[in-house]
Amino acid sequence: MTLPKTLQQYLLTELKDHPERYELAMLMADIATIGKLISARTNRAGLTDIIGLASSTNVHDETQAKLDIYTNNLCKDYLSNTHLFAALASEEEEKVVDLKNPDGKYVVAFDPLDGSSNIDVNMPVGTIFSVHKKLDTVPAGDEKQFLQPGREQVMAGYVLYGSSTMLVFTWGDGVHIFTLDVDLGEFLLSDAHVKIPDECPYYSFNEAYAPHISKSDLRFLTKIRKHASKQRWAGAFVADFHRNMIKGGIFFYPAVDTSGEQDFKPKLRLNYEAKPMAFLAEQAGGAASNGKIAILDIVPGTLHERTALIIGNKSIVKEAL
Ligand code: AHG
Ligand code: MN
Ligand code: MN
């Protein structure tokens, strides 16, 4: 019987050629464990008391789902015990969390639960992560640790909790996909060196916002609609990005004016949504920009900064520039 490589086998094989990646391989194993724990929890969403909203709000003034809190605490608790990461940033944490691991050489930013409103209705959700080297010039818990441009990421990826659970990651030599075999409790390699197809049959844009975007974004949207024949919006960036990466497509979330006062505001977060996905997109032969420059070249000004985002098919992203 031929069984695809387990994540563990894959990481150990990579280490033979790249012994310098030892710590990154360990970090990857940590993230895989977190993915398994969250996957187990989300699969039981209808059975355990985790559906619905908590009574709290996060730093963005969004009401937190119970699972937002669970997944955030899990990332914090687990990573402070494994001692590999020095600090953590999260959508659900106002400030950087110093994990009190003085020997940790890396910092990680998470969107612990992406698409969290999907959890109540059995739709896909995800976890996004972005790893940087720890800067020695500032304390571990300093926000500046996370104000590094996306180009400096050493590893990034996501776990998609869909009809199956998939771990998708890059450490700079392509994008690799592992699927969780729930019977074995192992992630198995299902696709290596994934490439975004040149064709672009899909576009992901929340069409309800079309009347509320700027004139130039509307012109670009008109072009996208011409290129792509099918519109899909899962309400979870991870799921929409994944489809577009596998099938060919473009994801567009521009700044939106909800007040009617020409006050256009982007929604997605640079450090733990746009940057990691942009790293994956470029590694898969695609591109990502905010409409002006490549996402990976933006120097973040603040931890929770938001950005407009066009990501996926390279030639369409270029058209937006
Ligand atoms: P999160 O659940 O982490 O706050 O992210 C939700 C994001 C993203 O996943 C999705 O693409 C987008 O919000 C959907 O936004 P709309 O509800 O405005 O369409
Ligand atoms: Mn999100
Ligand atoms: Mn989230």
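**Exercise 1.** In this predicted model, find the polar contacts of ligand 1 with Gly115, Glu91 and Lys267, then state how much of the ligand the protein buries.

*Solution.*
Step 1. Start at the backbone: a polar backbone atom of Gly115 lies 2.8 Å from an oxygen atom of ligand 1.
Step 2. Turn to the side chains. Glu91 has a side-chain N or O atom 2.9 Å from an oxygen atom of ligand 1. For Lys267, a polar side-chain atom is likewise 2.9 Å from an oxygen atom of the ligand.
Step 3. Apply the cut-off for a polar contact, a pair of N or O atoms within 3.5 Å.
Step 4. Taken alone, ligand 1 exposes 470 Å², and the protein buries 86% of this area.

**Exercise 2.** Describe the shell around ligand 1 by residue, class and strand.

*Solution.*
Step 1. The ligand has 18 residues around it, of which Asp114, Gly115, Asn206, Tyr209 and Tyr253 come nearest.
Step 2. Sorted by class, the shell holds eight nonpolar, four polar and six charged residues.
Step 3. At least two shell residues come from each of β5 (106–114) and β13 (249–253). The largest share, three residues, belongs to β5.

**Exercise 3.** Where does ligand 1 lie with respect to the pockets and domains?

*Solution.*
Step 1. Ligand 1 takes up the space of the largest pocket.
Step 2. Domain 1 (7–191) and domain 2 (202–320) both contribute residues to its shell, so ligand 1 lies between them.

Key
Residues numbered from 1 in each chain as written. Chains lettered and ligands numbered in written order. Predicted model: local features only at pLDDT ≥ 70, side-chain atom pairs only at ≥ 80, totals over all residues. Heavy atoms only, no water. Near = heavy atom within 4 Å. Polar contact = N/O pair within 3.5 Å; in protein donor to acceptor, adjacent residues only side chain to side chain. Areas by Shrake-Rupley, 256 points an atom, 1.4 Å probe, with all protein chains shown as cover. 1 Å grid on protein atoms, 1.4 Å probe; cavity = no way out; pocket = protein on both sides within 12 Å on 5 of 7 lines; lining within 4 Å. Sits in = over half its atoms within 2 Å of the grid points. Helix = DSSP H or I, 4+ residues; strand = E, 2+ residues; numbered from the N terminus. Nonpolar A, V, L, I, M, F, W, Y, C, P; charged D, E, K, R; others polar. Domains from an automatic or database assignment.
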